[in-house]
Amino acid sequence: MIPPTWLITGASRGIGFHIAKAALDAGSNVVVTARNGETLRDAFAAHGDQCLALAHDASQTSESTSIIQRARDVFNEVDVLVLNAGQGMLAALEDTDEARERALFDLLYHGPVSMIRAVLPHMRARGQGHIVAIGAAATHGNYAGFSSYGAAKAAMECACEALQAEVKPFGIRVSVAIPGPFRTDFISKAESSKTDAYAASVGRFGTVLERMNGRQPGDPARLGTLIVDQVHSGTLPFRFPLGAYAVKKLRDRGAQFQREADAFAEAAKSADFPA
Ligand SMILES: NC(=O)c1ccc[n+]([C@@H]2O[C@H](COP(=O)([O-])OP(=O)(O)OC[C@H]3O[C@@H](n4cnc5c(N)ncnc54)[C@H](OP(=O)(O)O)[C@@H]3O)[C@@H](O)[C@H]2O)c1
């Protein structure tokens, strides 16, 4: 079997880098993107023609078609699209600057969606393809200070849920990763604005993150190998947790929804027309 061609956004370091590395090690051709093309080329220099590095700001929707086209020009097709580029933002909802909030949605929602729109006509024509979005555990129980980050990731996950129903008949798969804390630059690169008024909530969560930084239980290299193995074997499900923390979070969320639905079931049914 010819290994599929991957395109991974935000692959200069962290999770994206390790997914790209694992795909290259498995024999795939890989297109990697990040904002600084030179850093990216240096990071993958050892892989020669097997890797195409393209400078791309993932929040720029206008560039998505040309990125997909450049990938196809070199490797014919994109079989697996990984929407990984991202950044955190820690701020109380009240303090969040609207322009920053919109920029975060451009990076975590509008940009990835535009990449999907650019790749889908080709995947549909061939009747195959796999789109993998890197989501966040925040979408299944959010934290003080993560309103914009969690909301943008939740929007993407929700869009992917609809997308998978839309593209399944074409033979295209969609998956959303729910990572717990992984040892990358995610915490140190997150934008942060903490105010005294929110010290007890946002400030406290910021301190938890700072203390966790460098000691996160998740290993991005193992994550990369896991995702590549599962994609190549066709076994990656739609939604999947990464790391024990995320497994617990999804289980707790499921149990919480069950309790909430049960507690309000009779009242909820009373809002229907009588049968
Ligand atoms: N690590 C965690 O604990 C964790 C948990 C849940 C979800 N995630 C998600 O996992 C994904 C990867 O994060 P990470 O942990 O690997 O963090 P990271 O080490 O900071 O890496 C982030 C990557 O995204 C790229 N990126 C950021 N802004 C970009 C932009 N505007 N355009 C293009 N590329 C951009 C960065 O490249 P350049 O800066 O070179 O452009 C870098 O390659 C993110 O979507 C994040 O939200 C991470």
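**Sheet and ligand shell: a quick chat**

Student: Hi! Which strands pair over six bridges, and in what sense?

Tutor: Strand S6 (residues 129-134) and strand S7 (residues 172-179) do, in the parallel sense. Here strands (E, at least two residues) and helices (H or I, at least four) are DSSP runs numbered from the N terminus, and two strands pair if DSSP finds at least two bridges between them. This is a predicted model, where local features need pLDDT of at least 70, side-chain atom pairs count only at pLDDT 80 or more, and totals for chains, interfaces and linings use all residues. Residues are numbered from 1 along each chain as its sequence is written.

Student: What stands opposite Val132?

Tutor: Ser175 in S7 does.

Student: And what's the strand order in the open sheet?

Tutor: S3-S2-S1-S4-S6-S7-S9, seven strands with parallel pairing. S3 (51-55) and S9 (239-242) are at the edges with a single partner strand each, so one side of each has no neighbour in the sheet.

Student: Cool. Which strands does H1 lie across?

Tutor: Helix H1 (residues 14-25) lies across S1 (6-9), S2 (30-34), S3, S4 (80-83) and S6. Contact means C-beta atoms, placed from the backbone, within 7 Å. H1 runs at about 165° to S1, with angles from 0 to 180 degrees between N-to-C directions of axes fitted to C-alpha atoms, for helices over the stretch in contact.

Student: Switching to the ligand: which residues come nearest?

Tutor: Gly10, Gly14, Arg35, Gly86 and Thr184, of the 29 around the ligand. A residue counts as near if its C-beta atom, placed from the backbone, lies within 6 Å.

Student: Which helix gives the largest share of that shell?

Tutor: H1, with three residues.

Methods: Contact = placed C-beta atoms within 7 Å.
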